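This briefing covers the nonpolar core of a predicted model and one helix that contributes to it. Please keep the sequence and the structure open while reading.

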Amino acid sequence: MPNSFLLPYQIYMQKAKQDLTLVEKNIDDNEIAPEIIFFHLQQAVEKILKAVLDFNGIVFKKTHDLFELAELATEQNISLPDFIDKLCELTPYAVEARYSLLHDDIQNAREFLDETKQFFVFAQNLEATKPQ
């Protein structure tokens, strides 16, 4: 389906899936710096959070701060998975990490990937349970 026919939250989810696919395909590639992997994990979480907010009709400002987006969801009584605080730790990878050399453990990236994929499924299930 062309993007012009998708709702904003659907576009966010589509883009988040692309970030997740990129990470899954490249997580073992030694030529890809870990901060690039973490950047795309951060991007996926950000897009999923924005999809959840948009799905619920919540207006949010332009930000890359995952803590801020998760807090807004909580303030609006939107339940998020228990592991959201851990995923919010990816916030620095939105901007700062793209321009510096970080030495993060790629094994840790696998944990973040697994939880981000769980968060993606959580958000997909919101639409499935939406009253018609």
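The largest nonpolar core, a set of buried Ala, Val, Leu, Ile, Met, Phe, Trp, Tyr and Cys residues joined through side-chain atoms within 4.5 Å, has 38 residues. Buried means under 20% relative accessible area and exposed over 50%, with partly exposed in between (1.4 Å probe, protein chains only). This is a predicted model, in which local features need pLDDT of at least 70 and side-chain atom pairs pLDDT 80 or more, while totals for chains, interfaces and linings use all residues. Residues are numbered from 1 along each chain as its sequence is written, and side-chain values use heavy atoms, without hydrogens and water.

**Core**
- Leu41, Leu49, Leu80, Leu90 and Phe119 have the most contacts inside this core.
- Two or more core residues come from each of α1 (8–26), α2, α3, α4 and α5 (106–128); helices are DSSP runs (H or I, at least four residues), numbered from the N terminus.
- The largest share, 11 residues, is given by α2.
- Leu80 touches (heavy atoms within 4.5 Å) Leu49, Val52, Ala70, Ala73, Thr74, Phe119 and Phe122, leaving out residues up to four places away in sequence.

**Two sides of α3**
- Leu66, Leu69, Ala70, Leu72 and Ala73 of α3 (residues 66–75) are buried.
- These residues lie on the same side of α3 because they cover an arc of only 155° around the axis, taken from the directions from the helix axis to the C-beta atoms.
- Their cover includes α2 (34–55) and α4 (84–88).
- Thr74 and Glu75 are exposed, on the face turned away from the buried side of α3.

**Ends of α3**
- Asp65 caps the N-terminal end, with a side-chain oxygen 2.9 Å from the backbone nitrogen of Phe67.
- Asn77, which follows α3, has a positive phi, near 60°.

Key. A polar contact is a pair of N or O atoms within 3.5 Å; within protein, one must be able to donate a hydrogen and the other to accept it, and residues adjacent in sequence count only if both atoms are side-chain atoms.
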